[in-house]
Amino acid sequence: MAYQMTFKRYELKYLLTKQQKEQILHAMAPYMKLDDYGRAVIRNLYFDTDTYRLIRRSLERPVYKEKLRVRSYQRVGPEDPVFVELKKKYQSVVYKRRLVLPEAQVMASFRDGTPLPVRSQIADEIEYSRAYYKTLRPVVFLSYEREAYCTLDGGDFRVTFDENILYREGDLSLKSEVYGNPLLGKCQTLMEIKTSGGIPLWMSHALAQQQLFKTSFSKYGSAYQLMKQIGTQGGRLYA
């Protein structure tokens, strides 16, 4: 059985050292706790065209951009649920559309070019993007170890810490092991603040004390740029 979710929020990114992470966690302790996923290894398959149209457009920093990916929070089997996500960004606001379906159904749909086995507004948006870009296919496997925190009062303010961010171009399956090329330096952490409103005063103070400033770091974008530097791989030339 499929179910769906929508998100509308700001997503702010910061690159932290190990020491800075420890200080931010100390500041968070009175206000936040690990969420239902807690600590997990997240696997993603990013979809793009034969010419990498989506990520090339995204790196130009346009007013509007979008990405399509399939995600899991563990190594999955054919009947395990995975998340089909259409992520849009318009004027700094992130809009995420998410469907949850069995892995085998999702991958068969993309492999065979058939619609996803569910009808809904979100499914229609995903199908529109697939039809618009025509040649979408999995191009990158991207994984990372995530700690996810939510507020004690049940608000929508969230903080995540991603480490050991790896990418690869082969073995593009959520059923596979985690391995690949690193995107971060040793002992670096990518922190993301996710909120539909402002940043709490206590977090603003913590960011200022650690002299942390927003970055435009993109996991898939960074992977693509490294792939482009390599030049050719698997018989493909990157634009």
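Which residue forms a salt bridge with Arg-146, and how far apart are the closest N and O atoms? The partner is Glu-192, and the closest N and O atoms of this salt bridge are 3.8 Å apart. The model in which this pair occurs is a predicted one, and its secondary structure comes to six helices and 11 strands. The radius of gyration of the chain is 18 Å, close to the 18 Å that the globule rule gives for 239 residues, so the chain is as compact as a globular protein of that length.

**Overall build**

- Taken along the principal axes, the C-alpha atoms of the chain fill a box of roughly 50 × 40 × 35 Å.
- Of the 239 residues of the chain, 50% count as buried.
- Among contacts in the chain with a separation of 6 or more, 70% are accounted for by residues 24 or more positions apart.

**Salt bridges**

- Side chains of opposite charge can pair when their charged atoms come close, and the structure holds 22 salt bridges, among them the three pairs described here, Arg-146 with Glu-192, Glu-85 with Arg-69 and Glu-177 with Arg-75.
- In the pair of Arg-146 and Glu-192, the closest N and O atoms are 3.8 Å apart; Arg-146 lies in strand β6 and Glu-192 in strand β9, so this salt bridge ties together parts that are 46 residues apart in sequence.
- Arg-146 counts as buried at 9% relative accessibility, and Glu-192 is likewise buried, with a relative accessible area of 3%.
- Salt bridges that share partners join Arg-146, Asp-162, Glu-192, Lys-194 and Lys-219 into one network, and one of these residues, Lys-219, is also listed among the buried residues of helix α6.
- In the salt bridge between Glu-85 and Arg-69, the closest N and O atoms are 2.7 Å apart; because Glu-85 lies in strand β4 (residues 81–90) and Arg-69 in strand β3 (residues 64–72), the pair ties together parts that are 16 residues apart in sequence.
- Glu-85 is buried, with a relative accessible area of 0%, and Arg-69 counts as buried at 6% relative accessibility.
- In the salt bridge between Glu-177 and Arg-75, the closest N and O atoms are 2.6 Å apart; Glu-177 lies in the loop between β7 and β8 (181–182) and Arg-75 in the loop between β3 and β4, so the pair ties together parts that are 102 residues apart in sequence.
- Glu-177 counts as partly exposed at 45% relative accessibility, and Arg-75 counts as partly exposed at 44%.

**Surroundings of Arg-97**

- Arg-97 is found in strand β5 (residues 93–102) and counts as buried at 19% relative accessibility, a value to be read against the cut-off of under 20%.
- A polar contact of 3.3 Å joins the side chains of Arg-97 and Glu-125.
- Leaving aside its neighbours within four places in sequence, Arg-97 is in contact with residues including Met-5, Phe-7, Ile-122 and Glu-125, and also with Glu-85, the residue that forms a salt bridge with Arg-69.

**Helices α1 and α6**

- The buried residues of helix α1 (residues 18–28) are Gln-20, Lys-21, Ile-24 and Met-28; seen down the axis of α1, they fall within an arc of 100°, so they line one face of the helix.
- An α-helix has 3.6 residues a turn, so residues three or four places apart point the same way.
- The face of α1 turned away from its buried side carries the exposed residues Gln-19 and His-26.
- Helix α6 (residues 219–230) has 12 residues and reaches 17 Å from its first C-alpha to its last, close to the 16 Å expected at 1.5 Å a residue.
- Ser-218 caps the N-terminal end of α6, with a side-chain oxygen that lies 2.9 Å from the backbone nitrogen of Gly-221.
- Gly-221 is itself one of the buried residues of α6, which also include Tyr-220, Tyr-224 and Met-227, and what covers the buried residues of this helix includes β2 (32–48), α2 (53–59), β6 (137–151), β7 (158–168) and β9 (189–195).

**Backbone angles**

- Most residues other than glycine have a negative phi.
- Lys-134, although not a glycine, has a positive phi of about 65°; this residue is placed in the loop between α4 (121–133) and β6 and is exposed, with a relative accessible area of 72%.
- Asn-164, although not a glycine, has a positive phi of about 50°; Asn-164 is found in strand β7 and counts as partly exposed at 39% relative accessibility.

Methods
Residues numbered from 1 in each chain as written. Predicted model: local features only at pLDDT ≥ 70, side-chain atom pairs only at ≥ 80, totals over all residues. Heavy atoms only, no water. Helix = DSSP H or I, 4+ residues; strand = E, 2+ residues; numbered from the N terminus. Expected span 1.5 Å × (residues − 1). Buried < 20%, exposed > 50% of the residue type's maximum accessible area, 1.4 Å probe, protein only. Contact = heavy atoms within 4.5 Å. Polar contact = N/O pair within 3.5 Å; in protein donor to acceptor, adjacent residues only side chain to side chain. Salt bridge = Lys/Arg side-chain N within 4 Å of Asp/Glu carboxyl O. Arc of directions from axis to C-beta. Rg over C-alpha atoms; globule rule 2.2 N^0.38 Å.
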